[in-house]
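Subject: Model for your files, with notes

Dear colleague,

Here is the model I said I would pass on. Please open it alongside this message, since the notes after it refer to residue numbers.

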Amino acid sequence: MAGITSGAAQVVESTASLGIDNMHVSFGGNHVLQGVDLTFAPGFNGLIGPNGAGKTTVFNVISGYVRSSQGEVRLHGKDLLRMSRTQRVKAGIGRTFQAPRLILDATVMENTLLGRHHLFRWGHLAELLLLPQQRREETNARQICMDMLDRFGLADDAHEEAGALSLGSQKLVEVARALVSDPTVVLLDEPAAGLGADDVTVLLRGLREIQAERNLCVIIIEHDLQLVTSLCPKISVLHFGEIISEGSPEHVTSDPAVIEAYLGHGFEAEEGGEIHEVEGPLSEHHHIDHVEEEGTLEEVWTEDDGPEKGESS
Ligand SMILES: Nc1ncnc2c1ncn2[C@@H]1O[C@H](COP(=O)(O)OP(=O)(O)OP(=O)(O)O)[C@@H](O)[C@H]1O
Ligand SMILES: [Mg+2]
């Protein structure tokens, strides 16, 4: 395992669920991931970094949406890169997408049920014949989905079309769909972006409950640093396709390499250390609140009401 910055980093490796070793990804001549090593254990893990750092690409490689040219990804010791996407879901990988991918003219319940599809034992013939085993399985799956929707405040919307919901609610449906697949590792790509304060509260309460009940390994990409630092005891920082810092929230937010990375992406420093937003990728939808005098990066990003960004991959 490389990439842990010396100092306050505290990474427990012995219980690691998911290990990434020397991951490389290029799109044409664009080297997006350049030898990324990461381990993730049960609990909340943050993956942060400026826009375009390669965060979503890490999730895409783990879940089989993008191929890496080199490297290994192991889940509980099993090689994920040889598996199809569905096999990875069966192996325990659940995910959400940065821009929600729901079937907008299907109901919230139907979208959520898709998360359990790979667990169904009875096929379409049983469904056509309405065999009792199939009906029992379907009833059970609906109950599990309804319980999960309820945890995220969506039970009353279960029979609405997903397209009728706000973006925030659609993102919560994606989280519910990822969790009903019985994952051991859940990849959440900016789940709080576009959510109002009440929805963020619902999201965090639901995630904390389920993580504790199932000892899940949750990996969360999020631009809201305050959210990440309050939720995740371990944070990894990606910059230009490399892990530049890793460890506790206190460690990474005071690491000069991290501060420097953000300064280069939409922020500039004045004499005396005060930094301001400048035109750049981050300025599209984030602004800086403050940086403490001694150089601790805190509350750096705050969402404004700008439009949601599309998926970059
Ligand atoms: N499928 C793809 N084809 C070509 N280029 C891609 C693809 N996916 C990602 N990229 C490029 O790889 C780089 C990293 O993208 P990625 O989406 O992983 O960044 P990110 O850290 O998730 O950024 P953001 O915070 O903006 O979501 C970007 O330059 C992006 O344009
Ligand atoms: Mg992304």
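The notes below go from the whole chain to its sheets, then to the helices, the core and one loop.

Please keep in mind that this is a predicted model.

Overall make-up

The chain contains 10 helices and 16 strands. Of its 313 residues, 42% are buried. Taking the contacts between residues at least 6 apart in sequence, 65% join residues at least 24 apart.

The six-stranded sheet

One open sheet has 6 strands in the order E6-E7-E8-E3-E9-E10, and its pairing is mixed. E6 and strand E10 (242-247) are the edges; each has a single partner strand, so one side of each has no neighbour in the sheet. From one strand to the next, the twist averages 20°.

Strand E3 (residues 43-48) has a partner on either side in that order. With strand E8 (residues 217-221), E3 pairs in the parallel sense over 5 bridges, and Leu47 has Ile221 in E8 as its bridge partner. With strand E9 (residues 234-239), E3 again pairs in the parallel sense, over 4 bridges, and here Ile48 stands opposite Val237. Of the 6 residues of E3, 5 are buried, so the strand is largely enclosed by the rest of the structure.

The four-stranded sheet

Another open sheet is formed by 4 strands in the order E2-E1-E4-E5, with antiparallel pairing. Strand E2 (30-40) and strand E5 (78-79) are its edge strands, each pairing on one side only. Between them in the order, strand E1 (residues 18-27) and strand E4 (residues 70-75) pair in the antiparallel sense over 5 bridges. Leu18 stands opposite Leu75 in E4.

Helix H1 (residues 55-63) has a place in both descriptions. H1 lies across E1, E2 and E4, running at about 70° to E2. H1 also lies across E3, E6, strand E7 (185-189), E8 and E9, where it runs at about 145° to E7.

Two helices to look at

How many of the 13 residues of H6 are buried? The count is 11, so H6 is largely enclosed by the rest of the structure. The buried residues run from Ser169 to Leu179 and include Gln170, Lys171, Glu174 and Arg177 alongside Leu172, Val173 and Val175. H6 reaches 19 Å from its first C-alpha to its last, close to the 18 Å expected at 1.5 Å a residue.

Helix H7 (residues 197-214) has 18 residues and spans 26 Å between its first and last C-alpha, close to the 26 Å expected. Asp199, Val202, Leu203, Gly206 and Leu207 are buried in H7. Viewed down the axis of H7, its buried residues fall within an arc of 125°, so they line one face of the helix. Ala197, Asp198, Thr201, Glu209 and Ala212 are exposed on the other side of H7. After H7 comes Asn215, which has a positive phi near 50°.

The nonpolar core

Which residues touch the most other members of the largest nonpolar core? They are Phe152, Ala176, Val185, Val218 and Ile220, in a core of 68 residues. Helix H6 (residues 167-179) supplies the largest share of this core, 6 residues. As background, nonpolar side chains tend to be buried together in soluble globular proteins.

Val185 is worth selecting in the viewer. Apart from its neighbours within four places in sequence, Val185 is in contact with Ser17, Leu18, Phe40, Leu75, Gly92, Ile93, Cys217 and Ile219. Two of these, Leu18 and Leu75, are the residues that stand opposite each other in the E1 and E4 pairing.

A loop residue

Ile103 sits in the loop between strand E6 (93-95) and helix H3 (108-113). Is this nonpolar residue buried or exposed? Ile103 counts as exposed, because it has 12 C-beta neighbours inside 10 Å, and 12 or fewer is the cut-off for that class. Leaving aside neighbours within four places in sequence, Ile103 is in contact with Asn111 and Ala162. The C-alpha atoms of Ile103 and Gly163 are separated by 7.7 Å, although the two residues are 60 apart along the chain.

Regards

Terms used. Residues are numbered from 1 along each chain as its sequence is written. Chains are lettered from A and ligands numbered from 1 in the order in which they are written. This is a predicted model: local features need pLDDT of at least 70, side-chain atom pairs count only at pLDDT 80 or more; totals for chains, interfaces and linings use all residues. A nonpolar core is a set of buried Ala, Val, Leu, Ile, Met, Phe, Trp, Tyr and Cys residues joined through C-beta atoms within 7 Å. A residue is buried if 20 or more other C-beta atoms lie within 10 Å of its own, exposed if 12 or fewer, and partly exposed in between; C-beta atoms are placed from the backbone. Helices (H or I, at least four residues) and strands (E, at least two) are DSSP runs, numbered from the N terminus. Two residues are in contact if their C-beta atoms, placed from the backbone, lie within 7 Å. Two strands pair if DSSP finds at least two bridges between them. Axes are lines fitted to C-alpha atoms, for helices over the stretch in contact, and angles run from 0 to 180 degrees between N-to-C directions. The expected span of a helix is 1.5 Å times one less than its number of residues. The arc is that of the directions from the helix axis to the C-beta atoms.
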